[in-house]
Structure formats: structure tokens, C-alpha cells
Amino acid sequence: MAMTVVFGVDIGGSGIKGAPVDLESGELTEERYKVLTPHPASPEAVVGAVCEVVQHFGHQGPVGLTFPGVVVDGHTRTAANVAQGWIGLDAEGLFQQALDLSCTVLNDADAAGLAEVTYGAGREQDGVVLVLTFGTGIGSGLFVDGTLVPNTELGHLELRGKDAERRASSAAKERHDLTWPEWAIRVDEYLDLVDRLFSPRLIVIGGGVSRKHDKFLPLLKQREARVVPARLLNDAGIVGAAMAAAKAT
Ligand code: BGC
């Protein structure tokens, strides 16, 4: 029988959230449970928090987890916004050992993208689709006819001599106390850049700030690509993580 309910965990800069996901509908089957991300977000501390989330549901069975950095074959390779101890770590093995369950780890924006192209704003869109998450950093999920090109890391493209996410993430909006119109100018500059490089047909704007899309999407300039808000909002990472775990088992 196909596995339809799988557990997803989203490891973010402020919270670690998890829930069982129904993969038929892409919906959570129970209200998600969240604990604050420990600071510093060292591997040991994060593993402890993840165990708390998974055990809250008494979950048994495969678990998918997101990570806010490059992940190749379950190993975390970069850590722009979490403790440096993650670099070069066998994260999948670490979670697996702590939870005693089969685990799959993937990049957070890749997970959010998988959920959006399957159940949300990118459904049935062929060609190049770019899912961008605006939060502490800028995450990117690049899809070609529904297939993910993992770990694109487009938040680290150079914009005005800086890492783009330092100028245009939603954390940058807070840090520099930018108004919505001021921030929208920076987002537009960033979208110009990715547009020039990838000519996507559709750009899906996700991350925490997508809840407030009415405040800034109307301020963005018209472009060839359609620019739309994410539909799964804050659940996209959890859903995408569960999808990846189901695929791996
Ligand atoms: C990381 C990406 C991540 C993004 C959003 C960036 O700083 O390098 O891997 O997807 O933040 O969390």
C-alpha cells in the first residue's frame, strides 16, 4: 500500500515545527507543534528540539526534515544562518540515530518548492518555475517541468556588491527598518537579477512574509514572469519534507 501519511519537520531560524502530512491532499493531519529554535543552533541542540517535536506526536515511521543550507546525500554542507558545526555533517545519520527512525534531509527552500509545485501556487505549471522564500535569508527552489534542481542557493547571488539576502530578505527589511515600498524596490532589483539569469515563467514568493503579500506584491513592477504568493504559507516546508521522505523510502 502506498504511504500516505508521513511526518515532516521544518527547521527554521526562529522555530522548529512538525506535523504528520497527508500526501494525497498535501494537508497536515494534525495541528503542527512548534518549539523555538535553540540559540546557538548547534547540531546537538537542534537534534534535541527535533526529538521533542517528533515525540510530541509519538510518531513512528519515516521523517523528512528541512535544513536552511546546502544538503547533499544527507550531509549538510553550508550554514549561512545556523551554527558552523553543521558544515560537513552527516545530518541524516545524526537525526536517524537520535530518533531511531528513517530520516531524509533536504534544503528548506527546495522542500517549500516541492510542496508549492505539487499542491500550491506552482501546480501544473510547466517550464521554469522559481520558488523564492523570504525570511532570515532568501531560499530558492528551481524547477524545470516539475523536476527540482536542488541546492540552487540563489539568495547568495551578488546584488550591489553584497550577498543578495543581506539586502533583500525580510530580515534585511527589519534590520534596516525599511517601509514596504522601500523593501519592494530591493525585491524588484533581486527579481530582475534572477529573471535575467533564468527567465522563469512563474515566480512563487514564499517564506513567512508571503502572509503579507498584499502589502508588497502590488508594489512590484510588471515583468514577463508571473509573480504570485505561495499558497501553503508556513506549512510548505513541513509538507515538502514529508514528500521527500516518502520518495526516499
Ligand atoms: C541558505 C539557504 C536557505 C536560505 C533560506 C540561505 O542563507 O544558504 O540554503 O535555503 O537561507 O533559509
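Q: What makes the approach of Asn 81 to the ligand a polar contact?
A: In this predicted model, a polar side-chain atom of Asn 81 lies 3.1 Å from an oxygen atom of the ligand. The cut-off for a pair of N or O atoms is within 3.5 Å, so this pair counts.

Q: Which atoms of Gly 69 and His 156 lie by an oxygen atom of the ligand, and at what distance?
A: For Gly 69 it is a backbone N or O atom, at 3.3 Å. For His 156 it is an N or O atom in the side chain, at 2.6 Å. Both values are within 3.5 Å, so both pairs are polar contacts too. Taken on its own, the ligand has 310 Å² of accessible area, and the protein covers 94% of that.

Q: Where does the ligand sit, and what kinds of residue form the shell around it?
A: Happily, that is quick to say: the ligand sits in the largest pocket. Its shell divides into three nonpolar, five polar and three charged residues. Among the residues around the ligand are Pro 68, Asn 107, Asp 108 and Glu 165.

Q: Why is Asp 100 called exposed?
A: Its relative accessible area is 67%. Exposed means over 50%, so Asp 100 qualifies. This residue, found in the loop between α2 (91-99) and β9 (103-107), has a positive phi of about 55° although it is not a glycine.

Q: Is Ser 199 buried or exposed, and how do you know?
A: With a relative accessible area of 55%, Ser 199 is over the 50% cut-off and is therefore exposed. Ser 199 also has a positive phi, about 40°.

Conventions: Residues numbered from 1 in each chain as written. Predicted model: local features only at pLDDT ≥ 70, side-chain atom pairs only at ≥ 80, totals over all residues. Heavy atoms only, no water. Helix = DSSP H or I, 4+ residues; strand = E, 2+ residues; numbered from the N terminus. Buried < 20%, exposed > 50% of the residue type's maximum accessible area, 1.4 Å probe, protein only. Near = heavy atom within 4 Å. Polar contact = N/O pair within 3.5 Å; in protein donor to acceptor, adjacent residues only side chain to side chain. Areas by Shrake-Rupley, 256 points an atom, 1.4 Å probe, with all protein chains shown as cover. 1 Å grid on protein atoms, 1.4 Å probe; cavity = no way out; pocket = protein on both sides within 12 Å on 5 of 7 lines; lining within 4 Å. Sits in = over half its atoms within 2 Å of the grid points. Nonpolar A, V, L, I, M, F, W, Y, C, P; charged D, E, K, R; others polar.
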